[in-house]
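User: Please take a close look at one part of this model and explain how it sits in the rest of the chain. A plain account will do.

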Amino acid sequence: MLWYKSWLETRVRLLVALGMLSFFLMVQYQNRLASQRSFLMVAQSEWLIVAMVGILLSGAGVVTQPAFQATKGLHGSTLFTLSLPVTRRRLLAIRAGLGWIAMVCLLAARSCAVWFLFPILRETATPVVMLQQFLTLTVCATGLYAIPVLLATFLDDQWRLQGSFLAMAALWYLCNRTPLPASLNLIRAMGEGSPLFSHTMPWTAMACSLGLGAALFFAALKIVQRREY
C-alpha cells in the first residue's frame, strides 16, 4: 500500500521529469555538430539535468504535498499519512526509494536515446561503454538525489526546491572554483571525466557520491524520527 500511495504522489512529477528530459534531448539533437567537442559540451551539462530530475522526484519526505502547488505548513492528508501503522523511517525509505528508482529509469532511457540519436557517439562508444556511462551517472546522481531528500525532512516543498537549487549551485562552485582534487569531482565524473571520454571508471568520485548519499539519507532518517509534525 505504501508503494502504491507513493506512486500516486510521484507519477505527476515523473511525467514532468520525462517531459523535461525529452525537451533537453530535442534541443541537443537539433543543435548537434559532427564533432566530439560539441558532444562534450552536451555531456558537461549532464550533471545539471541529473540534478533537476533528482529534485523533481525526491518527494517531500514524510509530508504529503500536492504536486507543484506552493503550500506552507502541513497538507490536509499529512496527518493521515503519519497515522498509518508504519514507522516514519520506513515511510521515508519507501518514498525516497521509489523516487530513486524512477530517476534511474529516466537516466537509462536518456542514455539509450542519446546513443541512438548521436551518430558520432555510436562510432566512438560501444554498448559496454554506454553501460559504464549509465552506471557512473546513476551512482553520481545518488549523492545529488540525497540532497533534496534531506531538505524535504525539515523544509516546506517550496523552500525545498529553492534550497535544493542553492545546494546544487554551491556544489558546482565547490567542484569548479576550489582546488578540489579531480578524482573527487562529482560534476566532472558525469562529464569530461566519465567513461565516455576518459575511458576509465571514476571510482573515487563514485565512492564519494555513495558516501555522501548514505550520510545525507541517514541524517534524513534521524530528522523524521525526532521531528514533531
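User: Is Leu-150 buried or exposed? Start there, and then describe its surroundings.

Analyst: Leu-150 is buried, because its relative accessible area is 16% and the cut-off for buried is under 20% (exposed is over 50%, partly exposed lies in between; 1.4 Å probe, protein chains only). The model is predicted, so local features need pLDDT of at least 70 and side-chain atom pairs pLDDT 80 or more, while totals for chains, interfaces and linings use all residues. Numbering runs from 1 along each chain as its sequence is written, and side-chain values use heavy atoms, without hydrogens or water.

Leu-150 belongs to helix 7, which covers residues 127-151. A helix here is a DSSP run of H or I with at least four residues, a strand a run of E with at least two, both numbered from the N terminus. The protein has eleven helices and zero strands, giving the order α-α-α-α-α-α-α-α-α-α-α along the sequence. Of its 229 residues, 46% are buried.

Leu-150 has a partner from elsewhere in the chain, Ala-219. The two are 69 residues apart in sequence, but their C-alpha atoms lie 7.1 Å apart in space. Leu-144 makes a similar pairing with Gly-54: the sequence gap is 90 residues and the C-alpha separation is 7.0 Å. Gly-54 is in helix 3, and it counts as buried because its relative accessible area is 3%.

Helix 7 also contributes to the largest pocket. Helix 5, helix 7 and helix 11 (203-226) each give at least two residues to the lining of that pocket. The lining residues are Ala-93, Ala-96, Gly-97, Trp-100, Thr-142, Tyr-145, Ala-146, Val-149, Leu-210, Gly-213, Ala-214 and Phe-217. A pocket is an open set of points on a 1 Å grid over the protein atoms alone where a 1.4 Å probe fits, with protein on both sides within 12 Å along at least five of seven lines; lining residues have an atom within 4 Å of a point. The largest pocket holds about 160 Å³ of space, counted as the space filled by probe spheres set on points joined across faces, edges and corners.

Helix 5 runs over residues 88-117 and includes Ala-113. Ala-113 is partly exposed, because its relative accessibility is 21%. Its C-alpha atom is 9.5 Å from that of Ser-22, although 91 residues separate Ala-113 and Ser-22 along the chain. Helix 1 spans residues 2-30 and includes Trp-3. Trp-3 is partly exposed as well, with a relative accessible area of 45%.

Helix 5 also takes part in the one salt bridge of the structure, between the side chains of Glu-46 and Arg-110, at 2.9 Å from N to O. The pair joins distant parts of the chain, with Glu-46 in helix 3 (residues 46-57) and Arg-110 in helix 5, 64 residues apart. Glu-46 and Arg-110 are both buried. The rule for a salt bridge is a side-chain nitrogen of Lys or Arg within 4 Å of a carboxyl oxygen of Asp or Glu. In general, side chains of opposite charge can pair when their charged atoms come close.

On the helix 11 side, the loop between helix 10 (195-198) and helix 11 holds His-199. Phi of His-199 is near 60°, a positive value in a residue other than glycine. His-199 is exposed, because its relative accessibility is 58%.

A check for disulfides, meaning pairs of cysteine sulfur atoms within 2.5 Å, gives a count of zero. Cys-208 is in no disulfide, and the nearest cysteine sulfur, that of Cys-175, is 8.4 Å away. Cys-208 is partly exposed, with a relative accessible area of 32%.

To return to the starting point, Leu-150 is a buried residue in helix 7, with Ala-219 at 7.1 Å, C-alpha to C-alpha.
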